[in-house]
Amino acid sequence: MNNHEIDYKLHGDDMQFVEIELDPGETVVAEAGSLMMMEDDITMETIFGDGSSSFDSGIMGKIMGAGKRMLTGESLFMTTFTNAGKEKKHVYFASPYPGKIIPIDLSEYSGKIICQKEAFLAAAKGVSVGIEFQRKLGTGFFGGEGFIMQKLEGDGLAFIHAGGTIHRKELQPGEVLRVDTGCLVAMTSDVNYNIEMVKGVKTALFGGEGLFFATLRGPGTVWIQSLPFSRLASRVFAAAPQTLGRGSKDEGSIAGGIFDLLGGK
């Protein structure tokens, strides 16, 4: 194993966090802002890029690694957590919104997983967090994730998160699965990923499911989420009272609306 070997335990159901056990000298790298808590003797260090061995050769390599992360909308920096003590210690990371944390052993998937932007949470040191360009024009424009997706490479443990319930599906050779573009969380590198337009004018315009869906062709493994964060955010925004921020006059209530109609300030 080139990556640090770490043990973990998942806690919770809809608002999960992961407990990672570090032996003396072991390190885990995590997305900035994902820390929940940590025990004594755990040291933190902010680094450029992901801290994988491929970026340790020089300053230019580190800058390139950080630049790739910027293209996916992530921070330039990541944080490493190292057990500097003489006994096993624990560090905890939480998901940023309701959903599930998915542990993935990259050595079981040919050392590479492609996932949606902002899905990465934490990983054993040595896992490379890069970018994956979508070469097909249609996939890039209409795939929900644009031209760029995250790429996790290595032979250690990585943790990604997604919204709602996560369904893992094994695709047989030639098997096709059509998925809402926002519901695709991750896939192995051998899955053929493309975008198709919804057939039928009425279905496309009035079906409420968007104009495009992702077509996944096996063999390979895919992970699907039941509640994309973008869908959750749009529903919350649509349900929010329009008078939000005007004060405390029972925003959203009938009395508040009548008060506004009468010219109340």
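**Strands, salt bridges and a surface patch**

Strand β3 and strand β6 (residues 77–83) run antiparallel to each other and are joined by five bridges. Strands and helices here are DSSP runs numbered from the N terminus, with at least two residues (E) for a strand and at least four (H or I) for a helix. Two strands are said to pair if DSSP finds at least two bridges between them. This is a predicted model, so local features need pLDDT of at least 70 and side-chain atom pairs count only at pLDDT 80 or more, while totals for chains, interfaces and linings use all residues. Residues are numbered from 1 along each chain as its sequence is written, and side-chain values use heavy atoms, with hydrogens and water left out.

Back to β3. Within its pairing with β6, V29 sits opposite T80. On top of that, β3 pairs with β10, again antiparallel, through three bridges. Here V28 has A124 of β10 as its bridge partner. How many of the residues of β3 are buried? Five of the five are, so the strand is largely enclosed by the rest of the structure. "Buried" means under 20% relative accessible area, "exposed" means over 50%, and "partly exposed" is whatever falls in between (1.4 Å probe, protein chains only). T27, which belongs to β3 (residues 27–31), is a good case to look at: it counts as buried because its relative accessibility is 4%. The chain also folds back here, in the sense that the C-alpha atoms of T27 and A123 are 9.1 Å apart although 96 residues separate the two along the chain.

Next comes a second group of strands. An open sheet is formed by four strands in the order β1-β2-β7-β4, with antiparallel pairing. Strands β1 (7–11) and β4 stand at the edges with a single partner strand each, so one side of each has no neighbour in the sheet. On average, neighbouring strands of this sheet are turned by 20° against each other, direction ignored; such angles are taken between axes, which are lines fitted to C-alpha atoms (for helices over the stretch in contact), and run from 0 to 180 degrees between N-to-C directions. As for what holds strands together, strands of a sheet pair through backbone hydrogen bonds, either parallel or antiparallel. At one edge, β4 is joined to strand β7 (residues 89–94) by three bridges, and the two run antiparallel. M38 has V91 of β7 as its bridge partner.

M38 turns up again on the surface, where L35, M38 and M44 make a nonpolar patch of about 240 Å². Patches are built from residues with over 30% relative accessible area and no salt bridge, joining like charges within 9 Å and nonpolar side chains (Val, Leu, Ile, Met, Phe, Trp, Tyr) within 5 Å. The areas come from the Shrake-Rupley method with a 1.4 Å probe, and for residues only the protein chains shown count as cover. L35 lies in β4 (residues 35–38) and is partly exposed, at 34% relative accessible area.

Now for the charges. A salt bridge is counted when a side-chain nitrogen of Lys or Arg lies within 4 Å of a carboxyl oxygen of Asp or Glu, and by this rule there are eight salt bridges. One of them pairs E21 with K88, with the closest N and O atoms 3.6 Å apart. This pair ties together distant parts of the chain, as E21 in strand β2 (residues 17–22) and K88 in the loop between β6 and β7 are 67 residues apart. Both residues are partly exposed, E21 at 22% relative accessibility and K88 at 47%. E21 and K88 also belong, together with D23, to a network of salt bridges.

Another salt bridge joins K89 and D41 at 4.0 Å, N to O. It also links distant parts of the chain: K89 is in β7, while D41 is in the loop between β4 and β5 (42–48), 48 residues apart. Buried or partly exposed: which applies to K89? K89 counts as buried because its relative accessibility is 16%, whereas D41 is partly exposed at 34%. In a further salt bridge, E170 meets R168 at 2.9 Å, N to O. E170 is partly exposed at 38%, and so is R168 at 47%.
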